[in-house]
Amino acid sequence: MTTFRRPVSHVMGWAWMAVSVLLLVDLVVRGTDMRAVVSGAVLLITVGAAYVLAVRPKVVATEEGVRLVNPLREVFVPWTAFTWADVTDVLRVHAGDQVFRSWPLREGKRSEVRENLRRAGGFGEDRDDPREMRPTERVAWILRGEAERRRARSAGGAREGAAGPTVVWAPDAVAALAVPVVLFAGALLLI
């Protein structure tokens, strides 16, 4: 199992959560009125947002397929359904006619996005040397290579379980955002 994510946003998300814990402890120790409750609820909303937007998103290559963990939903594409991975403005995983976009692996520079869109449209050359690739391109290259290895291994036998991609809502992400918002609304009603 290989996990791909943006390390800076992941670390910044955990750093914000650590700072938020310290701020919540300070609110518990010093807070005596309803303003402290409202402030705590707002702080919990920012913690939920940091979790959903910075800590949670990732791309995981497993033995069974590729899992795209986006902020509010997860997509699982089995290797049997995987057809291609490329980069335009984000990493995209193709499964037949369906295209799934990955939230965490984005292309940062506008010029690179334009070049990727040209390549996706058939204009321009693909980069084959991993040393020349940008990080998101390298992940797409790794996923394509893994899919080729899986196809070569299963070429002798029949395709096991031709299941298609699955898309599900992430209950942990929804709860991380909904619970603090409900607490905030409750705190506002108590004022």
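Let's start with a small open sheet: 3 strands in the order 5-6-7, paired in antiparallel fashion. What you are looking at is a predicted model. On the rims of this sheet sit strand 5 (84-87) and strand 7 (98-106), the edge strands, each pairing on one side only. Ignoring direction, neighbouring strands here are turned by 25° against each other on average.

Zoom in on the partnership between strand 6 (residues 90-95) and strand 7. These two run antiparallel and are joined by 5 bridges. If you want a spot to check by eye, find Val90: its bridge partner in strand 7 is Arg106.

Now bring in helix 4 (residues 135-154). This helix lies across strand 5, strand 6 and strand 7, and it runs at about 175° to strand 5. Keep helix 4 in mind, since we'll meet it again shortly.

There is another open sheet to find, built of 5 strands in the order 1-2-3-4-8, with antiparallel pairing. Its edge strands are strand 1 (2-4) and strand 8 (166-169), and each of them pairs on one side only. From one strand to the next, the twist averages 15°.

Within this sheet, strand 2 (residues 58-61) and strand 3 (residues 65-69) pair in the antiparallel sense over 4 bridges. A handy landmark is Val60, which stands opposite Arg67 in strand 3. And here helix 4 comes back: it packs on the sheet, touching strand 1, strand 2 and strand 3. The direction of helix 4 makes about 155° with that of strand 1.

Last stop: a pair of helices. Two packed helices are described by the angle between their axes and the distance between the axes. For helix 1 (residues 7-30) and helix 2 (residues 34-55), the angle is about 165° and the axes are 9 Å apart. That makes helix 1 roughly antiparallel to helix 2, because an angle over 145 degrees counts as roughly antiparallel. As for handedness, helix 1 passes helix 2 in a left-handed crossing.

Which residues of helix 1 and helix 2 meet? From helix 1, they include Trp14, Trp16, Met17, Leu23, Leu24 and Leu27. Across from them, helix 2 contributes residues including Leu43, Leu44, Val47, Tyr51 and Val55. Smaller names turn up on the list too, among them Gly13 in helix 1 and Gly40 in helix 2. Sorted by character, the residues of this contact of helix 1 with helix 2 divide into 14 nonpolar, 7 polar and no charged.

Methods:
Residues are numbered from 1 along each chain as its sequence is written. This is a predicted model: local features need pLDDT of at least 70, side-chain atom pairs count only at pLDDT 80 or more; totals for chains, interfaces and linings use all residues. Side-chain values use heavy atoms; hydrogens and water are left out. Axes are lines fitted to C-alpha atoms, for helices over the stretch in contact, and angles run from 0 to 180 degrees between N-to-C directions. Angles under 35 degrees count as roughly parallel, over 145 as roughly antiparallel, 65 to 115 as roughly perpendicular and the rest as oblique. A crossing is left-handed if the near helix is turned anticlockwise from the far one by less than a right angle, and right-handed if clockwise. Contact means heavy atoms within 4.5 Å. Ala, Val, Leu, Ile, Met, Phe, Trp, Tyr, Cys and Pro count as nonpolar, Asp, Glu, Lys and Arg as charged, and the others, Gly among them, as polar. Two strands pair if DSSP finds at least two bridges between them.
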